[in-house]
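Student: I'd like a close look at how the helices pack against one another here and what sits in and around that packing. Could you walk me through it slowly?

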Amino acid sequence: MRSRVIRIALFVALAAFYVTAATEHAKRVNTSKARGDQSGYLWDAQNVYGNWHGAAAPLLIGERNRMPVYAAFLAAFWDPALSNDEFFDRAKRWNIYLSVGLLALLAVVFAGYLPPLPATNLTLVVAFGYFIFKAGYTQSELLYYFLFFITFLLFWEMIARPGRLAVTLCRAAAAGAMAALAYLTKAALLPLLAVFLVVCGFDALRRLRSDPSGARRQLIAALVVTAVFLAVLSPYLRTNKRVFGQYFYNVNTTFYIWYDNWPQASIGTIKHGDGVGWPAMPLDDLPSASKYWREHTMTQVTARVGAGLWDMLDRSYHTYWYLKYLVLYLGAAAAVTVARRRDVSAAPRRSTAAVAFLVLYGAIYLLGIAFYAPVSGTGTSRFLIAHLTPLFFVLSLFLAREPGRHTRWTVGGATIGMPHFHLLVGVSLAVDIVFVIWPRLMTTYGGF
């Protein structure tokens with residue numbers, strides 16, 4: 001009973017510190033709504049409110065750049081009596097509250113997969129490593145990070161731990177709905193969905209002879225995910241097709257990614273009405289994948305990707321506070337891999353599809369983010385952070401379960417293992433929260 005009271009008191013204290021620090025950051029650092037596309041989301045929210053109350057004709061919310069779900073969240077807190085600055089302050093405050101709710105849900109999920117200390121550490125890394133830096137902003141990122149992780153987790157479960165048909169159907173329906181909500185929050189979910197469908201198909205083919213029922217389950221999972229995903233998105237996709245001529249039209253992935261940099265993109269299709277219809281430009285002038293590959297050498301492409309990868313490292317070091325823990329978790333995973341190399345090398349044979357899913361997912365998004373960096377206008381951080389929670393989660397599972405769980409090393413006559421690592425991470429987090437997070441937070445703009 002006493003330990004439970006202590007844990008509750010600690011949780012309340014940490015939550016209070018989180019809200020206080022994020023609120024101060026919103027007041028001191030995030031003072032301009034014109035920065036980081038925040039005014040765009042505020043404008044979208046006001047239009048959504050108008051649509052809800054019949055005060056405005058239905059609009060193309062977000063001009064097929066920003067997506068509608070987060071705008072709907074902000075619209076719940078808009079009042080026509082508010083000035084734009086007052087709405088900015090209210091929206092920042094509610095985004096902080098939203099972040100606390102999302103962290104609480106993540107904590108419950110982590111606790112369902114991990115022992116208490118690793119689950120607590122993971123929650124604190126997510127909360128104080130990057131969530132707190134982005135909480136006091138009117139941006140869709142935190143909601144997207146949460147929805148993306150839940151979608152990733154459901155996909156992972158269906159591939160790594162396929163269950164009975166009823167379980168598969170429930171997971172697939174939930175995954176399709178979550179994927180659609182994530183897409184309607186930020187249009188960067190399609191590569192993950194594609195990887196899942198490809199790996200499901202591969203796994204089904206692999207199981208055809210040895211496990212026909214398992215092969216059918218994987219095919220059913222792929223079909224149900226796709227059907228629910230498209231059903232939830234259907235109104236949005238139909239509007240896309242009617243107005244822009246493509247179901248999955250989004251200015252970033254349709255056009256901007258194929259420019260060399262943001263200054264070039266800012267005077268391209270955006271100046272020819274790409275947010276209200278198909279841009280009025282000659283076909284040969286429209287940016288596209290085929291046009292880009294015709295006009296660029298492999299050396300130029302490699303240099304672009306290399307610069308993007310460097311931007312990830314540079315911004316991770318100079319801005320948020322997750323890099324230290326990423327190095328710790330990766331170092332521990334590497335040490336376990338070396339110490340238990342036979343067990344680790346056997347894992348791909350036992351779960352080929354799960355390993356393929358992780359490798360393809362990581363490679364596609366890492367290279368895609370690096371390639372998109374020069375036209376983002378803000379660098380790679382906001383795109384990269386979406387994948388930190390899945391990465392930390394997978395590393396935590398690897399270390400908390402076999403082969404990491406019972407790995408031991410002898411150092412100077414003393415035996416150390418994973419419990420010592422988790423304790424080290426916990427102590428480091430305590431020190432950072434007390435001495436590092438506040439000054440770092442008050443000197444780091446987190447809206448990019």
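Tutor: Happy to; what follows goes from one helix pair to the core, then to a second pair and a few single residues.

This is a predicted model, in which local features need pLDDT of at least 70 and side-chain atom pairs count only at pLDDT 80 or more, while totals for chains, interfaces and linings use all residues. Residues are numbered from 1 along each chain as its sequence is written, and side-chain values use heavy atoms, with hydrogens and water left out.

Let's begin with helices H6 (residues 141–160) and H7 (residues 165–185); helices here are DSSP runs of H or I with at least four residues, numbered from the N terminus. The axes of H6 and H7 come within 9 Å and cross at roughly 155°; such axes are lines fitted to C-alpha atoms over the stretch in contact, with angles from 0 to 180 degrees between N-to-C directions. H6 is therefore roughly antiparallel to H7 (angles over 145 degrees count as roughly antiparallel, under 35 as roughly parallel, 65 to 115 as roughly perpendicular and the rest as oblique). Their crossing is left-handed, a term for a near helix turned anticlockwise from the far one by less than a right angle, with clockwise giving right-handed.

Among the residues that meet here are Leu147, Thr151, Phe155 and Met158 from H6, and Arg171, Ala172, Ala175 and Met178 from H7; contact means heavy atoms within 4.5 Å. By type, the residues of this contact divide into 15 nonpolar, three polar and two charged (Ala, Val, Leu, Ile, Met, Phe, Trp, Tyr, Cys and Pro count as nonpolar, Asp, Glu, Lys and Arg as charged, and the others, Gly among them, as polar).

Zoom in on alanine 172 in H7. Its relative accessibility is 0%, so alanine 172 counts as buried (under 20% relative accessible area; over 50% is exposed and in between is partly exposed, with a 1.4 Å probe and protein chains only). Not counting residues up to four places away in sequence, alanine 172 touches Met158, Ala221, Val224 and Val225. Glutamine 218 lies 46 residues from alanine 172 in sequence, and their C-alpha atoms are 9.8 Å apart.

H6 also matters for the largest nonpolar core, as it supplies the largest share, 16 residues. That core has 131 residues, and those touching the most other members include Phe131, Phe155 and Phe392; a nonpolar core is a set of buried Ala, Val, Leu, Ile, Met, Phe, Trp, Tyr and Cys residues joined through side-chain atoms within 4.5 Å. Among the contacts of phenylalanine 131 beyond four places in sequence are Tyr18, Leu102, Val126 and Tyr145.

Phe392 leads to the second pair, meeting H5 as part of H18. H5 (residues 116–134) and H18 (residues 388–400) pack at about 160°, with axes 11 Å apart. That angle makes H5 roughly antiparallel to H18, and the crossing is right-handed. This contact divides into nine nonpolar, two polar and no charged residues.

Finally, asparagine 47 in H2 (residues 38–52) counts as buried, at 11% relative accessibility. Beyond four places in sequence, asparagine 47 is in contact with Leu59 and Ile61. Aspartate 37 lies in the loop between H1 (2–28) and H2, and has a positive phi near 65°.

Methods
Helix = DSSP H or I, 4+ residues; strand = E, 2+ residues; numbered from the N terminus.
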